[in-house]
Amino acid sequence: MGLPLLSLIVFTPAAGAAVLMFLRSDAAVRWVALGVTVLDLALCIAMLAGFDTTTHAMQFTETRQWVPAFGINYALGIDGISALFVFLTALLGSTCVLASWVAIDRKVKEFMVSLLAMEALMLGVFCALDLFLFYVFWEAMLIPMYLIIGVWGGDGRVYAAFKFFLYTLAGSVLFLVGIIVLYFNGGETFDILALTAQDLPFGVQSWLFFAFLVAFAVKVPMVPVHTWLPHAHVQAPTAGSIILAGVLLKMGAYGFLRFSLPMLPDASVYFSTLMLSLSALAIVYGGLLALAQDDLKKLVAYSSISHMGFVTMGLFALNLRGLEGGILQMFNHGVTTGALFLFVGLIYERTHTRSIADYGGMMKAAPVYTAFLALFILSSMALPGTNSFVGELLVLSGGFSANLAVGAAAVLGALLGAAYLLGMYGKVALGPASVSARFKIRDVNAREIAAILSLTVFVLWVGLYPKPFLNIIDASAKHLLAQVHGEESGP
Amino acid sequence: MTAAALLQSVLASLPEIVVVTGACTLLILGQFVQKRQEHFLVWASVAIVLIAALATLMLAGEVRPAYTGMFVADRFAVFFKFVFYLATVLTFLLSRKYADIEGIGSSEYYVLLLFALSGMMIMASATDLMSIYVGLELVVLCTYVLTGFLRRERRSNEAALKYVILGAVSTGIFLYGVSLVYGLTGTTQLDAMAAAVTGGPLDPGLLLAVVFIVAGLVFKVGAVPFHMWVPDVYEGAPTTITAFMSVGPKAAGFAVILRVFLNPLVAASDVWIIVAVIAVVTMALGSFVALVQDNFKRLLAYSSIAHAGFAIFGVVAGGADGIASVMLYLLIYSFMNLGIFGIVTMMRNGDFSGEVIEDYAGLAKQHPGLALLMLLYLFSLAGIPPTAGFFAKFYVLAALVERGFVMLAVIAVLLSAVAAYFYIRIVMVIYMREPERTFDPALTPLVRATLAFTAAGTIGIGLFPSWFLRLAQHSAFGG
């Protein structure tokens, strides 16, 4: 065992945050924060380069005793399911720093410290192989996120931050009891891999399934516990929205993948129809709500609810296409919706309005901006050639074979998506130029293009050549499916 | 009692003797201390506590029963005594500047705190209802006086009066329970009581006695239905004394509760159902009423009621892990609560009371360091990892689930989510509001040291709970 690569990945941003505390000038703070996130991204690329796609086993594992009395370990490791998200988190980390470069003009240091702390904790969640450690990272994220929304957000930030905090806290405390119940029923261990190997009675499984469901559903968020999301998104600063949409929403789905499906397979199968129906509901309901929005951020926020519905649908289709599509779609949603929030943020910095009605004819004023926007809108609509097409196609094909009605509802949701996204683009980019002319909008500058380009690469890469990404997921997804259906599979 | 037994007894109670003797000496010396030399009082008091701590440590090796079964120096007592030392020393360190500002520079302040400390120590070691009573009264008599120490303030006087009257009633109830026990079993020793009733069916009179004793003890930790004094007394007392009372005497009350409640006599009598109800109601009341408080000290009073409720869940769980969970909870609570009261104490400067929540508006802008500390304590009180408060909560819940009380665990966590709301509300005021006026915190090196120490404890136990967990498990009896 050589370098503890995962520890380095997790703690580099944390160390960076500590360094920032001692800096005085805002410019230095920004550059150091950028440097740290880029360094972390480089570490993640190194990690992916050394990732073995042929096995579902945990890689780069590290284990140290933490609280021996409870068998709690500091254990890190990644498999194909977490690898993509570790990478996505690091990728969006640097995007967030770039997005906040001028948008955050007060308490810059505190903001960057929160941002880096957040990144460290999110990376920790995806790397943790110990349930207790996972929970510590999972719950600690509330603190920096609460501050990011509440201190640097819009006018209604305090209410939004509160609502975010209480919803997620109320969800996770039940999760905590669930974890402890699991500990005592699963052989008194917090080791995630050991717990997945346990065969729990169905009664315990279904109890735990619902305890976990509350926590994960709030984070995803699934209808009907989604109401915190639009508030949080609308009020959060751009970087906050990117984190929320790009990574935080993935945590709920990741929880299903890491805990619900492998540890509670019988309950997962038993309740899959319920979960599929809730997903279909989210897809259609989120799409309808998005259709009705005039606020750009709200539109993207509601579209997230709809898109995450696709993800949960893929997961609970409980077949390989659905599962791989769902996981890929999580990654895609992070890239695409993260970028969309970035676009909304860029335009908001210039005009200080988010109302769609205030815009029109942006094509003329900011051609580069609108060209990129078009690409990401198409990606969000899942047009062939973009990343989401691959994911959504897999999810739909998985969903149809699981449940015809649910698949049909999802197609309706996809249509709705086209409607609100094209409608929004039409009003903002095309339309009469007179409307937005009064703002004197500058086109994007080099820094902003850098942030956008880093995400554009993945829209096209996954869209045109998804194989490397599916390869990463493949072995682990197959293994997970075998666990759910109670079959043993080789390494 | 033979000379040898007496020597043994004196040895076992050496720390108590050190504190009492020290307090008496200080009482006399205090009369000769000039104005502007009050530092001497702080250092002398701290020195007395440290000597007692040293003595405790040296005697910690073995179990020493003393005074014909009324008193015992065991690891359980040692653990609690260290919590008391911690609370008392930090209170001394916080007091100096505050006493100056409030004009309460007299030596009695320190002497009374030392006497209260000795009372708490006796409570932790008591194994007989009579010695419990002696310790209990020693503590409350001192705190009555300390509560009313701001003589010029009506609020302080009123609080003291209320405390005395309600305290006397609870003492009466407790003594009545004791007399019933003595009448029915012929003994007041906890072990002998247990022996007297094993075998036969439980006497309903004895059950009644237990209920009375429970009521008396519950008053001391501020649990429902005997919580009414807490907000008024906490608000009216000098802030340093509030800090002390919320930690020291409360921990002492729990020490007694653990000894009495987990005694076979009580364990046999299904009393845990009463205790469970008390825990739920206490936590619910503390959490919900705290939501609407505007005065910070009152809010912390309700918060401390809620925390007492959470700790009682550990008593319900029982067993070695249940006991250890309560002990660890109290230790961690001491760190975070003294920390936050340290900040409240320091906010009292000039015409600034530091008691209204509005006073903290924009603290983050003016004093980012203090705001960060406050953030730490508040999140710890709310039980968010990686702070120590989370681990405290986790251990109690684990003990509950282990005993099969999953429903109680669910209730406890849901109520703690409610409680999180008001801690987060204060974070909001600190970080998300604009400061209304500038203020100058009463920061002395001693206060700084206190805050640094409590912060180190709050974050340190959170990140490395292992050692403290072992300590608590090692010190719990019945394991």
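User: Let's start with chain B. How much of chain B is buried?

Analyst: Of its 479 residues, 64% are buried. Keep in mind that this is a predicted model.

User: And which secondary structure elements does chain B have?

Analyst: Chain B has 21 helices and two strands.

User: What about the radius of gyration of chain B, and why does it fit a compact globule?

Analyst: Chain B has 21 Å, and a compact globule with 479 residues would come out near 23 Å, so the two agree. The C-alpha trace of chain B spans about 70 × 55 × 40 Å along its principal axes.

User: How much surface does chain B have, and what share belongs to carbon and sulfur?

Analyst: The accessible surface of chain B is about 16,400 Å², with 68% of that belonging to carbon and sulfur atoms.

User: OK, zoom in. Where is B:Ser304?

Analyst: B:Ser304 is in helix 14 of chain B, residues 296–317.

User: Is B:Ser304 buried or exposed?

Analyst: Buried: B:Ser304 has a relative accessible area of 1%, and the cut-off for buried is under 20%.

User: Which residues does B:Ser304 touch?

Analyst: Leaving out residues up to four places away in sequence, B:Ser304 touches B:Val230, B:Tyr234, B:Lys250 and B:Tyr333. Take B:Tyr333 from that list: B:Ser304 and B:Tyr333 are 29 residues apart in sequence, and their C-alpha atoms are 9.2 Å apart.

User: Any odd backbone in chain B? Which residues does a cis peptide bond join there?

Analyst: B:Pro385 and B:Pro386 are joined by a cis peptide bond, with omega about 5 degrees. B:Pro386 sits in the loop between helix 17 (368–382) and helix 18 (388–402) of chain B. There's also B:Tyr67, which isn't glycine but has a positive phi, near 50 degrees. B:Tyr67 is in the loop between strand 1 (64–66) and strand 2 (71–73) of chain B, and at 27% relative accessibility B:Tyr67 counts as partly exposed.

User: Switching to chain A. How many helices and strands?

Analyst: Chain A has 22 helices and two strands. Of its 491 residues, 66% count as buried.

User: What's the box for the C-alpha atoms of chain A?

Analyst: Roughly 65 × 55 × 40 Å, taken along the principal axes. The radius of gyration of chain A is 21 Å, which agrees with the value near 23 Å for a compact globule with 491 residues.

User: And the contacts in chain A, what share join residues at least 24 apart?

Analyst: 82%, counting contacts between residues at least 6 apart in sequence.

User: How do strand 1 and strand 2 of chain A pair?

Analyst: Strand 1 (residues 59–67) and strand 2 (residues 72–78) of chain A pair in the antiparallel sense, over six bridges. A:Gln65 stands opposite A:Asn73 in strand 2 of chain A.

User: What's going on in the hairpin of those strands in chain A?

Analyst: The hairpin has four residues between the strands, and A:Gly71 takes a positive phi near 65 degrees.

User: Which residue other than glycine in chain A has a positive phi?

Analyst: A:Ala382 is one of those, with phi near 65 degrees. A:Ala382 is in the loop between helix 17 (367–380) and helix 18 (387–402) of chain A, and A:Ala382 is buried, with a relative accessible area of 12%.

User: And which residues in chain A does a cis peptide bond join?

Analyst: A:Val220 and A:Pro221, with omega about -15 degrees. A:Pro221 lies in the loop between helix 9 and helix 10 of chain A.

User: Speaking of helix 10 of chain A, is helix 10 mostly covered or uncovered?

Analyst: Mostly covered: helix 10 of chain A runs over residues 228–235, and seven of its eight residues are buried. Among the buried ones are A:Trp228, A:Leu229 and A:His233.

User: What covers the buried residues of helix 10 of chain A?

Analyst: The cover includes helix 6 (142–152), helix 7 (157–185), helix 9 (202–219), helix 11 (238–263), helix 14 (296–316) and helix 15 (320–351) of chain A.

User: Last one, the outside. Which residues make the nonpolar surface patch?

Analyst: A:Phe400, A:Leu404, A:Val411, A:Leu412 and A:Leu415, for a patch of about 470 Å². Helix 19 (residues 404–429) of chain A gives the most to the nonpolar patch, with four residues.

User: Why does A:Leu404 count as exposed?

Analyst: Because its relative accessibility is 62%, and exposed means over 50%. A:Leu404 lies in helix 19 of chain A.

Methods
Residues numbered from 1 in each chain as written. Chains lettered and ligands numbered in written order. Predicted model: local features only at pLDDT ≥ 70, side-chain atom pairs only at ≥ 80, totals over all residues. Heavy atoms only, no water. Buried < 20%, exposed > 50% of the residue type's maximum accessible area, 1.4 Å probe, protein only. Contact = heavy atoms within 4.5 Å. Patch = residues over 30% accessible without salt bridge, like charges linked within 9 Å, V, L, I, M, F, W, Y side chains within 5 Å. Areas by Shrake-Rupley, 256 points an atom, 1.4 Å probe, with all protein chains shown as cover. Salt bridge = Lys/Arg side-chain N within 4 Å of Asp/Glu carboxyl O. Pairing = 2+ DSSP bridges. Rg over C-alpha atoms; globule rule 2.2 N^0.38 Å.
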